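The exercises below are meant to be worked through with the sequence and the structure side by side. Each one sets a task and then goes through a solution step by step.

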Amino acid sequence: FGQVTFHATDKLSFTGGLRYTSDKKDLYQVSPYTRQLSKKFHKLNWAVSADYQANKDVLIYGRVATGYKAGGFNARSSNSGYKPETLTSYELGLKSEFFDRRVRLNAAVFHAIHKDLQIQQFQAGSRGATSITVNAGKAKYTGIELEGQAIIATGLTFSGTFGYVDRKYKSFMILDPVSEDYIDVADEARFPFSSKLTWNAALQYEAPRFDFGQLTARVEYNYRGKIYFHPTKVGAPLNDDIAGKARGLLDARITLSELDIIGKKASIAVWGKNLTDKEYRVHGIDFGGLGYAGNVYGEPRSFGVDVNFEL
């Protein structure tokens, strides 16, 4: 790979890059199938961007780039493998600092086109359960990301992030385990383990340094919207029932660092996670063909102490 940057003016620059990738994959298998498979994949990806330094505190940029993920094999699938997936992304953003770097704000809007998505399709039946990899089709994403930080008082900093993405499958071809035909379920397909909306906010206080160490306190709230654990109801009819509802987690931590204990640098921290004792799902599996499903839940409210020494 390589890239080159051209400075058109003191404020405006252009960058272009190329990456060539070659992958070779082999599968030697005796169970549950006896076979020997081999495939090669090649791809040339590119990226172009423009940066405009409006002033010493504000940078505006635009970028177009392509991406690639090699195909391969799933040892549990009876097919001969799956194809590579590709992505073309468009991004327009802003990076800025104000008030003598006491406030930082970064923002970006993006649009991406995703083709031949590699999706895990879970299948369960009287002969057991298995997960196969298929190329689902095409999807589009449009979204926004924000990141900010502000020093609101001496030693006190507020920071936060916000992300929203509108996603839609344009096509989603999947194998129906009942009819054994490929069907397009784009209108009802989900994006597993991914939510449309995420945000977090944190306050951190760094006390004036003591003779014996540095005291820091932090409290943070993290929000994640609803998530699904399977891409479709095909083979997973209880997908909606086991989905993870939106959840927010409150964590806190107090750290005393830069301690000198018998000539060694050390730190001690007291922390609490999920302080509101929120019940939430982190994983789900649908044995639809067998008539039941299950969930794994996140950790309840917990507390702990961390002690670290530099050897």
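**Exercise 1. Decide whether Asp306 is buried, partly exposed or exposed, and find its salt-bridge partner.**

Asp306 has a relative accessible area of 28%, and is therefore partly exposed, given that buried means under 20%, exposed over 50% and partly exposed in between, with a 1.4 Å probe and protein chains only. Before going on, note that this is a predicted model in which local features need pLDDT of at least 70 and side-chain atom pairs count only at pLDDT 80 or more, whereas totals for chains, interfaces and linings use all residues. Residues are numbered from 1 along each chain as its sequence is written, and side-chain values use heavy atoms, with hydrogens and water left out.

The next step is the partner: Asp306 forms a salt bridge (a side-chain nitrogen of Lys or Arg within 4 Å of a carboxyl oxygen of Asp or Glu) with Arg253, and the closest N and O atoms are 3.0 Å apart. This pair links distant parts of the chain, since Asp306 belongs to strand β18 and Arg253 to strand β14 (residues 247-261), 53 residues apart; strands here are DSSP runs (E, at least two residues), numbered from the N terminus. Arg253 counts as partly exposed because its relative accessibility is 34%.

**Exercise 2. Find which residues Thr216 is in contact with, leaving aside its neighbours within four places in sequence.**

Begin with the position, which is in strand β13 (residues 214-224). With 16% relative accessibility, Thr216 counts as buried. Contact means heavy atoms within 4.5 Å, and on that basis Thr216 is in contact with Gln204, Tyr205, Glu206, Arg253, Ile254 and Thr255. Arg253, the salt-bridge partner of Asp306, is thus one of the residues in this list.

**Exercise 3. Work out which aromatic pairs Tyr169 forms with Phe172 and Phe191.**

Rings of Phe, Tyr and Trp (its six-membered ring) pair if their centres lie within 6.5 Å, and planes under 30 degrees apart count as stacked, over 60 as edge-to-face and the rest as tilted. The structure holds eight aromatic pairs. In the pair of Tyr169 and Phe172, the centres are 4.7 Å apart and the planes stand at 75 degrees, which is edge-to-face. In the pair of Tyr169 and Phe191, the centres are 4.1 Å apart with 5 degrees between the planes, which is stacked. Because Tyr169 lies in strand β10 and Phe191 in the loop between β11 (182-184) and β12 (197-206), the stacked pair ties together parts that are 22 residues apart in sequence. As a last step, check the burial: Tyr169 is buried at 3% relative accessible area, and Phe191 is buried at 12%. Ring pairs link Tyr141, Tyr169, Phe172 and Phe191 into a cluster.

**Exercise 4. Identify which strand gives the most to the largest nonpolar core.**

A nonpolar core is a set of buried Ala, Val, Leu, Ile, Met, Phe, Trp, Tyr and Cys residues joined through side-chain atoms within 4.5 Å. The largest one has 17 residues, and those touching the most other members are Leu117, Ile119, Ala139, Tyr141, Tyr169 and Phe172. At least two residues come from each of β8 (128-135), β9 (137-153) and β10 (156-175). The strand sought is β10, which gives the most to this core, with four residues.
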